[in-house]
Each structure stands twice: as structure tokens, then as C-alpha cells.
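Work through the exercises below with the model open. Try each task before reading its solution.

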Amino acid sequence: MSESLDSKHNLEDTAASVVDLAQVYVRPPIDYSSLPAFASSSWARWKSIWTRRFILSLFAGQVVSLCITVTNVTTTELVSRNWVLPTTQTWFLYCSLFLVYTPYTMYKYGLKGWGQMIYRDGWKYIILAASDVEGNFLVVKAYDYTDLLSCMLLDAWAIPVCLFFCWVYMRSKYHWTQVLGILVCVGGLGMLVSSDMITDKNYPALSRGKGDAFMIVGATLYGFTNATEEFFVRRSPLYEVVGQLGMWGTLINGIQAASLEHVAMTTASWNGATIGFLAAYTAAMFTLYTTAPLLYRMASSPFYNISLLTSDFYGLLFGLFLFHYSPYWLYFPAFSVVVLGLIIYFWHATPEEQGKVDPKAPAYIRRMHLDDQV
């Protein structure tokens, strides 16, 4: 009887909190009755966007975008130094996530609780890690077969896939202004692609059909992984989710690397320069994999995906200093268009409406700790 009463109270508290959130985080309405009223209400709407949470989300989105650029630059440098081990390269990422977050999970849950979590929920994280590992692998392979234009355009396929799986998991409702924001961001991507075509950065496709297929499947896995991880981190502690992603990713990626790249490991150039670039790549990816779950909580995984569309602009900045690129004028308005799309995405909707954030240790872990205290 007491358990049913507790459940009833919990449901009432949850419902009340949802109502409170709906009351607090509604955007000011736009008044169309007159031009001055429209201007005043639009200005009020504009000011309502710039909350601390949105500003942090916008900043975090550019951090992960910059991290993507760093990984691209370091990978380019590794390849130029005869170090072409894409699967082995990401193994160090998963291993670092495992070594940092899994011991902390053991500390918080206890060794017995951590074992229970592996036994009960490990299958979910195996699926997440396998999708992430294979998504990374297929996207890298796609660049070997198709051209840059196809890769840049097809990589955007992750956005609608992510939107779909967010709807499947959390029944997310998207306002038309969010769809408009995504389209504006993709328009900015189109301007970046046009810049690359005009400046002749494209390269011929070795096997376009195979490469495009790899990119579509890889982008699909990316979208699925992003939405799934958002679903997990909104309900579970970050250290549990990222630690499990790292642990299973280390195993899956290690097996794949040993199978596919064991010969290339012996012929690759292992020296101070390659180790340094590999360390920089791992640090950038570690930062990305740590920041992304926080961005999922603050905003959403679709917002994360459209934030990544600015990475080509940061790539240009790196190219100016490292590779002596000549900047094309279209890059700068393209970056502005993508940022405008990120703002439009939350013109009507709010970050708080994207999903409930209530990370807790699993119920069986909490019961175990309660029994130990008793």
C-alpha cells in the first residue's frame, strides 16, 4: 500500500514539475495586430532566446564542431606521414573513455552494483557502442571510394535520422520553426559545398556507388547513435553511459582493428610526430565525446548534429595557417547562415521542451545502496 502511495505522489510531483516547466519556458507570443506591436513582441521573443542554457548550448555546439575539425586536421597529418590505421586510431579514444569513466562508475555504484548494471543493461550499451564503432568505420571508408561532394551532402543524412529516432524514443514534437532552422543550416552547408567546388577541392570518385552506400549507412548509424545516447543520458548518469560506450567500444573496435589492420600496424610509421598527432586526435575526440552528452541534455541531439555543420569553416581557419589555403568569400556568409539556423531552431521551441532531464542511477543500484545503509 505504501509503495502505491509513493508511486502516486511521484506521479503527481512529476506532473506538477512538467506543468511548471511549461509555464516558465513558453516563448513570448508574437503580436500581429500592428507594426509597432509586431516589432515589440519580436524583440521580446529575440531576448527570450538568449537564456544561459541556450548560450551554453550554442557554445558547446561550436566546441564539438571545432573538435571535429581538429580530428580532420590530425588525421590528414597522420596520413601524410604514412600512418593510415583508421580503426586503430579510434581505439585509443574508446580506451581513454573506458579508463576515465568506468573506474568512476565503479566508485559510485560499487563493484557489485557495476556488475549488476553490466548484467542488466549491458546489452543496450553493446548496441550503442557497435553502432558508433561501425558508423565511424563506414564514414572513413566512404572517403576512400566516393568524392568530397557526396560525402559532405550525404553526411547530412544523419540529421533526419536523428530526428526520427528522437521521436521514436521520446515522442519529441517539432515546431515548424525547428524544421526551418534545420533547412537554413543545410542551406549554409550547401554554400560551403559550393565553395569547395568553386575552389576545386573535390577529388574523383574511385567507386561512387560503394562510397555513397558506405556514407549513407554510416550517417544512419550516426543519427541512431546520437539519438540513442541522448535517450540514455537524459535518464542515466553521464559517467555510466560514456563509460559503457568506452568499454564496449574498446572491445569491439579492438577486435576489428586486430582483424583488419594487424599487417598495416607493422608497416605504419611510429615516431614522435605520429604519436603526437595521435594524442591530439584522441584528446579532441575525448573532448567531443564528453561534451556531446552535455549538449544532448542542454538542447538535443538534432541540435548537436546541425551544430557540426560549421566545422568546414573552422577547417578553413586551420587551413589558412597550416596548409596556406586561399579563403573563398562564400565561407564567411555560409558560417553566418548556419549560426542563424541554430538560432531559428529555438525561435519558438525552448531547449527545456526537448525532453525531460532526470539522470539517476538504476533503481536496482539505489535499492542496493539503501539495503547496505540499513
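Contact here means heavy atoms within 4.5 Å. The model is predicted, so local features need pLDDT of at least 70 and side-chain atom pairs pLDDT 80 or more, while totals for chains, interfaces and linings use all residues. Residues are numbered from 1 along each chain as its sequence is written, and side-chain values use heavy atoms, with hydrogens and water left out.

**Exercise 1. The chain as a whole**

Task: State how many helices and strands the protein chain has, and what share of its residues count as buried.

Solution:
- Step 1. The protein chain has 15 helices and 0 strands. Both are DSSP runs numbered from the N terminus: helices are H or I with at least four residues, strands E with at least two.
- Step 2. Of its 374 residues, 46% count as buried. Buried means under 20% relative accessible area, exposed over 50%, partly exposed in between (1.4 Å probe, protein chains only).
- Step 3. Take contacts between residues at least 6 apart in sequence: 88% of them join residues at least 24 apart.

**Exercise 2. S57 and the pair α3/α11**

Task: Place S57 in its helix, list its contacts beyond four places in sequence, then find how α3 and α11 cross.

Solution:
- Step 1. Helix α3 spans residues 52-80 and holds S57.
- Step 2. S57 has a relative accessible area of 0%, so S57 is buried.
- Step 3. Leave aside neighbours within four places in sequence. S57 then contacts L295, M298, A299 and F303.
- Step 4. Two packed helices are described by the angle between their axes and the distance between the axes. The axes of α3 and α11 come within 8 Å and cross at roughly 155 degrees. Axes are lines fitted to C-alpha atoms, for helices over the stretch in contact; angles run from 0 to 180 degrees between N-to-C directions.
- Step 5. α3 and α11 are therefore roughly antiparallel. The cut-offs are under 35 degrees for roughly parallel, over 145 for roughly antiparallel, 65 to 115 for roughly perpendicular, and oblique for the rest.
- Step 6. The crossing of α3 with α11 is left-handed. That term applies if the near helix is turned anticlockwise from the far one by less than a right angle; clockwise is right-handed.
- Step 7. The residues of this contact divide into 18 nonpolar, 8 polar and 3 charged. Ala, Val, Leu, Ile, Met, Phe, Trp, Tyr, Cys and Pro count as nonpolar, Asp, Glu, Lys and Arg as charged, and the others, Gly among them, as polar.

**Exercise 3. α9 against α11**

Task: Which residues of α9 and α11 make the contact, and at what angle do the axes cross?

Solution:
- Step 1. Helix α9 (residues 238-260) and helix α11 (residues 272-298) have axes that come within 11 Å and cross at roughly 135 degrees.
- Step 2. α9 and α11 are therefore oblique to each other. Their crossing is right-handed.
- Step 3. From α9, the contact uses L238, V242 and L245; from α11, Y289, T290, P293, L294 and R297.
- Step 4. By class, these are 6 nonpolar, 1 polar and 1 charged residues.

**Exercise 4. D121**

Task: Is D121 buried or exposed, and which residue's side chain makes a polar contact with that of D121?

Solution:
- Step 1. D121 lies in helix α4, residues 86-145.
- Step 2. D121 counts as buried because its relative accessibility is 14%.
- Step 3. Not counting residues up to four places away in sequence, D121 touches P362 and Y364.
- Step 4. The side chains of D121 and Y364 make a polar contact at 2.7 Å. A polar contact is a pair of N or O atoms within 3.5 Å; within protein, one must be able to donate a hydrogen and the other to accept it, and residues adjacent in sequence count only if both atoms are side-chain atoms.
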